[in-house]
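Me: I should like to go through this protein model with you, beginning with its aromatic rings. Please reason briefly before each answer.

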Amino acid sequence: MGAIGAALGRVFDYDPDAEAAVPFSQVAAHINLRRLALAASLGLLQLTFEIYLGLVGPWETDTTICLASVPVEAALLLVAARRPSWLSRPLHQNALAIFSVLFGLGMAIAATASLAMHGRLVSGYSLMVLALAILFVFPLRTLLIILGSATLLYIIAIQGAPVSEYEKLVAATNASLATVVGIAGGWLIHSARERDYLQRQLIHAQARQLESRKQQLDELMAITAHDLQSPLLGLYNLFELTIEKSASNPTLPVRVLRDSQPSIRSMLELVRRLLLAHNAEQDSSTPSLLEDMRLHVAAAVERASPSAESACVSLALVLEATPAWAIFDPIAIGQICDNLIANAIKFSPANGQVTARCVCSDGAVSVTITDNGPGVAEEFRPFLFQRRLGRGTAPRYGQPGSGLGLFIASTLAARNRASISHTSLHPHGALFELKLPHEEIST
């Protein structure tokens, strides 16, 4: 039974891959197209049986209606089975499914009205409503319009039947109840299918995110281990040499400890950046204050001045005369400015120029840091703000970037409703821009 159900599902149902980034309305249209073939097949079977009864018994108007319906049902079955190219659009698929439902209900109304003229009221219309409402996948609005209007037409059609008022009331009540149940059932089916589809998409997206995160962590672990291994091996060799030679050279341990400081400092800096990256991702608290961005850019330039002077790099500050009001976390924005200015100084040549600007334009506060260094190599630009330790920036003038600084900056910027971007300057150099919404302050 399971194999038969799976085979029928492949023929009359549609279950897209979770990777397919399509709206559920398009999925429902594909489902309806496949269900159309089933509806047309069942309709032809019913028509054949009713025509046979008309042939072996008295030929009546409802038999003629059934005979006239055969070409339409056959055409619907042929179109649904072959699926021509013009049916590739969801709009056409839904239109064809709606036409099929209206045609089926219309034929049921016509046949019921024909039989009613002979004093017989049958329940065929109510059964047709329930079958079509459950078979197709329509949203609530579509169900209300189609089934509501068809039932109203059915009630009007049976009013002229030569039957008692009681029979008319029972028939109208049954049709109304069937319509309400059909609308409710169809809506529940549509909602359940949509919820299931969206949940599977969400689960798939989360799985991809976890896989991407796992790859990032694996890469981070491998590169971190590599970056720590070299200085640790160097320290180990120095200490081994010190143990061997310290007896004959009493001053050697002091020199070794002094020479070990750069390696230890490098490892501590790496650990510090890893912790900063972790905190930037995990800490969602952003105490936002209304501040003048110019003050924070000027403070960052002042903090970086000794480093720029030591590297023989000219550090300039350009500010507008009017305040650049924005709402942000001062500590986070200060850390971003420190990172961008430090990178610009680090990757600038001797006698280079770094300029920090803060301006207001187009409803935004813009902080730009420019340098006249070699810029970022093209192959590194797609990964510039990702957490790719050791691969975030291209080595410039023998200065390899850790790749964590810009990741931390972009993460902190996102938490402050800000954006950070990079632009290559011609003929060489780099521009990094931090943008926040500008707050208008009335005086």
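Me: How many aromatic pairs does a search of the whole structure find?

Reply: The model is a predicted one. A search of the whole structure gives an aromatic pair count of 5.

Me: Is the aromatic pair of F99 and F103 stacked or edge-to-face?

Reply: A pair of aromatic rings is described by the distance of the centres and the angle of the planes. For F99 and F103 the centres are 6.2 Å apart and the planes meet at 25°. Planes under 30 degrees apart count as stacked. The pair of F99 and F103 is therefore stacked.

Me: In which helix do F99 and F103 both lie?

Reply: The two residues are 4 residues apart, about one turn of the helix. The helix that holds F99 and F103 covers residues 90-116 and is α4.

Me: Does F99 count as buried or partly exposed?

Reply: Buried means under 20% relative accessible area, and exposed means over 50%. F103, at 13% relative accessibility, therefore counts as buried. F99 has 42% relative accessibility, so F99 counts as partly exposed.

Me: Why is the pair of Y125 and Y154 stacked?

Reply: The ring centres of Y125 and Y154 are 4.4 Å apart. Stacked pairs have planes under 30 degrees apart. The pair is stacked because the planes of Y125 and Y154 are at 10°.

Me: How many residues apart in sequence are the parts that the pair of Y125 and Y154 ties together?

Reply: Y125 lies in helix α5 (residues 124-135), whereas Y154 lies in helix α6 (residues 140-157). Y125 is buried at 0% relative accessibility, and Y154 is buried at 2%. The pair thus ties together parts whose separation in sequence is 29 residues.

Me: Which element gives the largest share of the largest nonpolar core?

Reply: Of the 40 residues in this core, M293 and I336 touch the most other members. Elements that give two or more residues to the core include α9 (293-310), α10 (330-346) and α11 (405-415). The largest share, 8 residues, comes from α10.

Me: How many residues does the other core, apart from the largest one, have?

Reply: This other core lies apart from the largest core. Among its members are Y125, V129, L132 and I183. Its size is 31 residues.

Me: Over which residues is the pLDDT below 50?

Reply: The protein chain averages a pLDDT of 82, and 84% of the residues score at least 70. One stretch, with 44 contacts in the model beyond near neighbours in sequence, has a pLDDT below 50. Where pLDDT is low, the predicted coordinates should not be read in detail. The stretch in question is residues 389-401.

Technical notes:
Residues numbered from 1 in each chain as written. Predicted model: local features only at pLDDT ≥ 70, side-chain atom pairs only at ≥ 80, totals over all residues. Heavy atoms only, no water. pLDDT = per-residue confidence, 0-100. Contact = heavy atoms within 4.5 Å. Core = buried A, V, L, I, M, F, W, Y, C linked by side-chain atoms within 4.5 Å. Buried < 20%, exposed > 50% of the residue type's maximum accessible area, 1.4 Å probe, protein only. Phe/Tyr/Trp six-rings, centres within 6.5 Å; stacked < 30°, edge-to-face > 60°.
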